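Student: Here is the structure I would like to go through. Please explain the terms as we reach them.

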Amino acid sequence: MRKPPVANRERGVWGASEASPPPDFLEEPAAQFPPNHLLAPSCLPITLSAPIWQAFTFETCFYLLHVPSSSILKVPQPIWQKVCEGGDFPEPLELRKPIPLNTPLVNITSIALNVAERCNLRCTYCYAGDGTYGNDSLMSFEIARRAIRFFSRAGQALHIVFFGGEPLLNFKLIKEVVEWCGRESLVFRFSLTTNGALLTNAHLEFFRAHDFALRISYDGKRLQAEQRTRNKRLADLIERKLETFRTRLLSLRQFHLRATIRRGSLEGFLGDSLQILSSHTYRLVAARVASLAESERFEVSDIQKWGVLLTRLVDELLKREEWEKLLLLGNLRRHLRNFAVGKSQPFCGAGINYLSVSTRGEFFLCHRFTEDREECAGSLENGLDGAYLQRIVEYRQGGREPCRSCWMRSFCQGGCFHEHKMASKKISTIDPLFCQLQDVEMKLALRIFVALKQKAPAHLQTLVSAP
Ligand code: SF4
Ligand code: SF4
């Protein structure tokens, strides 16, 4: 009787003939499986309609992602071809343990404290009505203290994200809150998102002393002046701060830039992102503009263009083997990390482990929904709205189409509620453009993953252990 194949890091055993060499496993299998598990997909925790394999190529080689376990295999072309055509493997394989899809349970471990519903910039694309959310106000210490008490649990760290508008417009409150937290017998972690215009050395000193993660919204040197402030001096000032504060920024627990991409600025962004990666070497996350305005609405062709530009950028960096720069691409880094650790992760924790708190002490699905009455999840006065949160749990369970039969379901679980709502006016209707962009990004991440695995595995290791 032929023994079941055993895979190892160097070479997977395929029960292969000379003409059909074995696949190379790019991941150590984590568990022993019944030998026929691939021939009986119903024993896997996914539906029969869901794809098991995602095929891709890199350089001249052929690869398959085993979707349920996120194992990645290098295979001979005939096998790749067969799987592309809907066939299965002729032999059983040992793979990593299937990633169980999380059954979401509401446990809020992270809150965005909207300390300032007010802003000092006037971004043309702002989803929050010039940063005011229609409510131009600052949070009081009393609201902040009550919200933190409401969401704190003994034995569980609470992550507090200071958000706005521009949170540094209420820095006095931030200091007060952090100092008060220091006197409480609970564990807290802090983050802050700012546009950087008011940022000083003293702020950075405070953030370092209290182990903050920091995110600066920044669209790139040229676009910043065009779409965020008509005040060129202010745009230049932010630019200078990114340079002069460099050492301090990089010494924080975590730091990254976050760019907003408009359909009209896609090409500009490519040039600017190269500049950011080359001159600043800061991590960069890019997101589509979030707006109901017709003129800002992305179309299929915009996403295709975004895919082409991003692919061009990645190809260039792969060709130059600029691994550090590739890992600065935050959108792809997240997927790379998931592939490396074989972990399922919803696109975000909104409504499951994350809510935003408005200046008036009301709770919303996430920071982008602040003051959106339809997405209110309760308040300090009335507590959490259980029926609303139950609906969010159902959306995240992945049992609905198109998520149910999507090859990215383990790593996405329903995507961004806000992007869906901007496209369809409902958080529950999946925006196909969101999925299209995910498809582009995940396939690029797969290619980078195999490149790193083969040519620079130490970088993958760093990624796994990085915060
Ligand atoms: S939101 Fe789109 S990409 Fe995400 S799991 Fe659902 S179908 Fe797939
Ligand atoms: S719903 Fe969208 S905008 Fe809100 S936290 Fe999730 S990913 Fe971010």
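**Helix, shell and core**

Tutor: Directly following α14, Lys425 has a positive phi of about 70°. The model is predicted, so local features need pLDDT of at least 70 and side-chain atom pairs pLDDT 80 or more, while totals for chains, interfaces and linings use all residues. Residues are numbered from 1 along each chain as its sequence is written, with chains lettered from A and ligands numbered from 1 in the order in which they are written.

Student: What makes α14 a helix that is mostly covered?

Tutor: Helices are DSSP runs (H or I, at least four residues) numbered from the N terminus, and strands are E runs of at least two. A residue is buried if 20 or more other C-beta atoms, placed from the backbone, lie within 10 Å of its own. In α14 (residues 417–424), 6 of the 8 residues are buried, among them Phe417, His418 and Met422. Their cover includes β11 (283–288) and α15.

Student: How do you know which residues are around ligand 2?

Tutor: The test is a C-beta atom, placed from the backbone, within 6 Å of the molecule. The residues around ligand 2 include Cys348, Cys366, Arg368, Phe417 and His418.

Student: Why is the largest core called nonpolar?

Tutor: Such a core is a set of buried Ala, Val, Leu, Ile, Met, Phe, Trp, Tyr and Cys residues joined through C-beta atoms within 7 Å, and therefore the name fits these 99 residues. Ile111, Leu113, Ala445, Ile448 and Phe449 touch the most other members. Helix α15 (residues 432–455) gives the largest share, 10 residues.

Notes. Buried ≥ 20, exposed ≤ 12 C-beta atoms within 10 Å, placed from the backbone. Contact = placed C-beta atoms within 7 Å.
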